[in-house]
2 protein chains.
Amino acid sequence: MQITFLGTSSGVPTRSRNVSAIAFRLPQKAEVWLFDCGEGTQHQFQRSELKVSQLRRIFVTHMHGDHIFGLMGLLASCGLAGNVERIDIYGPPKLNEYLTTCARYSQTHFSYPIKVHTVVPGTVYEDDEFIVRCAPLKHRVPAFGYRVEEKDRAGHFKVEKAKALGIPPGPLYGQLKRGEWVTLPDGRKINGATLCGPLQPGRKFAYCTDTIFCDSAVELAQGVDLLIHEATFAHQDAQLAYDRLHSTSTMAAQVALAAQVKQLMMTHFSPRYAPGNSLQLDDLLAEAQAIFPNTQMARDFLTYEVPRDGAESEN
Amino acid sequence: MQITFLGTSSGVPTRSRNVSAIAFRLPQKAEVWLFDCGEGTQHQFQRSELKVSQLRRIFVTHMHGDHIFGLMGLLASCGLAGNVERIDIYGPPKLNEYLTTCARYSQTHFSYPIKVHTVVPGTVYEDDEFIVRCAPLKHRVPAFGYRVEEKDRAGHFKVEKAKALGIPPGPLYGQLKRGEWVTLPDGRKINGATLCGPLQPGRKFAYCTDTIFCDSAVELAQGVDLLIHEATFAHQDAQLAYDRLHSTSTMAAQVALAAQVKQLMMTHFSPRYAPGNSLQLDDLLAEAQAIFPNTQMARDFLTYEVPRDGAESEN
Ligand SMILES: [Zn+2]
Ligand SMILES: [Zn+2]
């Protein structure tokens with residue numbers, strides 16, 4: 001479960017930080033899911049080790065330009081690269097209209113199917129392994145936070161033990177692997193759980209941007225292994241955060257604390273905190289860590305591996 | 001008169017070439033004019049020595065994504081940078097609608113005036129120093145080539161000679177500087193031209209993309225100091241050029257030859273000619289030079305100074 005930050009600046013790109021985009025790599029599916037797609041996201045893909053051909057889903061938080069202006073270019077390039085099978089896009093109302101309109105004006109014809117889903121609070125996507133939920137945040141336009149949960153997996157199935165019990169290989173194994181009770185042809189009842197190792201709990205992350213501190217962010221982030229939360233401003237500039245409905249670093253930390261997350265990763269920084277200014281990103285980090293010590297700052301191309309058992313891991 | 005290439009790839013960006021954009025720097029006005037604006041053009045500005053705050057005019061050739069998807073982001077950033085006075089945009093029908101629609105969906109409010117002008121063949125813009133004309137090219141959607149002419153300037157005024165003739169300083173000097181005849185208070189008639197150095201002929205460049213070889217490109221480029229012409233394909237791939245209404249390198253050279261230009265700069269290269277492939281950009285250059293020897297290949301961030309007297313200059 002790998003998260004790669006492709007853009008960590010708010011509003012405008014800087015020389016070292018692009019506007020918002022986060023890639024979620026699912027090695028077991030050979031898929032990449034993207035969260036937001038600011039201008040230049042396709043360029044960031046090229047500079048990373050991610051494969052655009054694996055792009056399968058895009059989740060959009062809100063319709064501000066620094067989160068969507070890279071969509072059309074990326075989708076067009078996926079078509080020209082020629083090896084994308086299908087892309088599902090999830091986002092706020094009007095996203096579909098926006099994309100359709102841009103495609104019409106620019107006469108962009110996609111060579112693969114694209115389906116845009118308008119999200120409503122609740123479950124956005126579910127398959128055997130993952131469930132994605134969203135909740136409304138508090139911004140100047142409708143904005144949604146996303147929570148991605150890997151489903152718990154049954155423990156390793158003990159084949160040798162099953163054979164020793166004289167259970168014939170076949171469809172029964174599937175039920176036993178899932179920890180179910182089965183009745184054998186000879187009448188014996190077997191509890192599958194006794195043939196499985198310990199349950200592997202699924203990992204969880206949440207992505208909350210753009211928003212000021214809000215209760216629904218706390219709910220969405222409840223107990224996740226990784227909370228990615230915007231921190232556009234320093235605490236000292238809280239008035240700007242209130243005016244523009246963005247978060248300060250202290251608000252991000254308060255969400256992490258209240259939701260009892262394992263790790264907070266802050267992103268979406270105002271360019272005003274660039275090196276050389278009176279307040280810098282180290283100050284935002286210190287402010288947040290005073291409230292929630294397990295806080296880090298995202299930077300472009302940082303890859304964070306969500307650990308299985310709370311063991312920290314980053315490269 | 002400085003031209004800086006900000007994007008020289010066609011269709012999709014590569015690691016070393018962005019999609020189309022060309023900046024024209026007018027040092028005497030402290031203005032930058034842009035021709036086309038593919039995705040990531042604002043990022044290219046940041047990597048160049050150009051100042052986005054000097055951006056004053058944008059000329060758009062056609063509505064394909066690789067020429068317009070950077071517009072909204074650049075215009076929004078100009079607003080956030082806060083020091084742009086006004087931007088005039090010139091382009092095909094529907095460009096205004098496209099921008100207005102994108103601004104509405106993304107709730108982008110510009111803090112400075114933007115005026116979009118729909119071009120028709122002929123004069124697009126004129127001031128004391130420059131005249132910009134456009135002509136329709138031959139592509140899959142309406143596309144316009146642009147020709148920028150610096151107006152001829154009167155030669156250096158010989159003040160000492162005027163004083164020696166006893167001409168009183170004042171408004172008469174203005175007329176004489178422009179090479180006009182004036183009548184002095186004492187009745188003498190003086191030809192201003194005799195008091196001026198040799199006329200400084202204005203420099204001219206033309207930008208033709210996207211297009212297959214066409215007569216209107218030849219007309220537009222007639223006698224220019226610099227012709228920037230697309231060369232998406234190698235001669236060997238001419239069938240692709242015919243299918244998609246793009247140019248081969250040989251077509252670009254034929255336009256340059258027929259229009260008797262001083263210098264041809266080719267751009268808008270298909271990524272298929274990247275290093276390591278069987279045909280490479282050196283092959284496109286050789287093909288063109290066989291027809292028009294004074295040919296160069298554009299690359300991102302190449303700055304070409306259009307010389308005053310046909311003396312070649314590049315840095
Ligand atoms: Zn934002
Ligand atoms: Zn093009």
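In the predicted model, 12 residue pairs are in polar contact across the interface of chain A and chain B, both residues of each pair being at pLDDT 80 or more. The salt-bridge count between chain A and chain B is zero. On the side of chain A that touches chain B, two or more residues come from each of the helices α1 (41-47), α2 (65-68), α3 (71-81) and α4 (95-105) of chain A. By residue class, this side of chain A comprises 12 nonpolar, 18 polar and five charged residues.

Contact between the chains involves 35 residues of chain A and 36 residues of chain B. About 2700 Å² is buried between chain A and chain B, with carbon and sulfur atoms giving 58% of this area. Of the area that chain A buries against chain B, 28% is supplied by Glu39(A), Phe69(A) and Tyr105(A), more than by any other three residues.

The zinc ion (ligand 1) has four protein donors, namely Asp66(A) through OD, His67(A) through NE2, Asp210(A) through OD and His268(A) through NE2, at 2.1 to 2.6 Å from the ion. Along the chain, the donors of the zinc ion (ligand 1) are spaced as D-H-x142-D-x57-H. Asp66(A) belongs to helix α2 of chain A, whereas His268(A) is in the loop between β14 (263-267) and α10 (281-291) of chain A, so this pair ties together parts 202 residues apart in sequence. The arrangement around the zinc ion (ligand 1) is irregular because the four donor atoms subtend angles of 95 to 154 degrees, whereas a tetrahedral assignment requires all angles to lie between 85 and 135 degrees.

Notes. Residues numbered from 1 in each chain as written. Chains lettered and ligands numbered in written order. Predicted model: local features only at pLDDT ≥ 70, side-chain atom pairs only at ≥ 80, totals over all residues. Heavy atoms only, no water. Contact = heavy atoms within 4.5 Å. Buried area = accessible area lost by both parts, 1.4 Å probe. Salt bridge = Lys/Arg side-chain N within 4 Å of Asp/Glu carboxyl O. Polar contact = N/O pair within 3.5 Å; in protein donor to acceptor, adjacent residues only side chain to side chain. Helix = DSSP H or I, 4+ residues; strand = E, 2+ residues; numbered from the N terminus. Nonpolar A, V, L, I, M, F, W, Y, C, P; charged D, E, K, R; others polar. Donors = N, O, S within 2.8 Å, 3.2 Å for Na, K, Ca; no water. Tetrahedral: all angles 85-135°; square planar, octahedral: opposite > 155°, others 65-115°.
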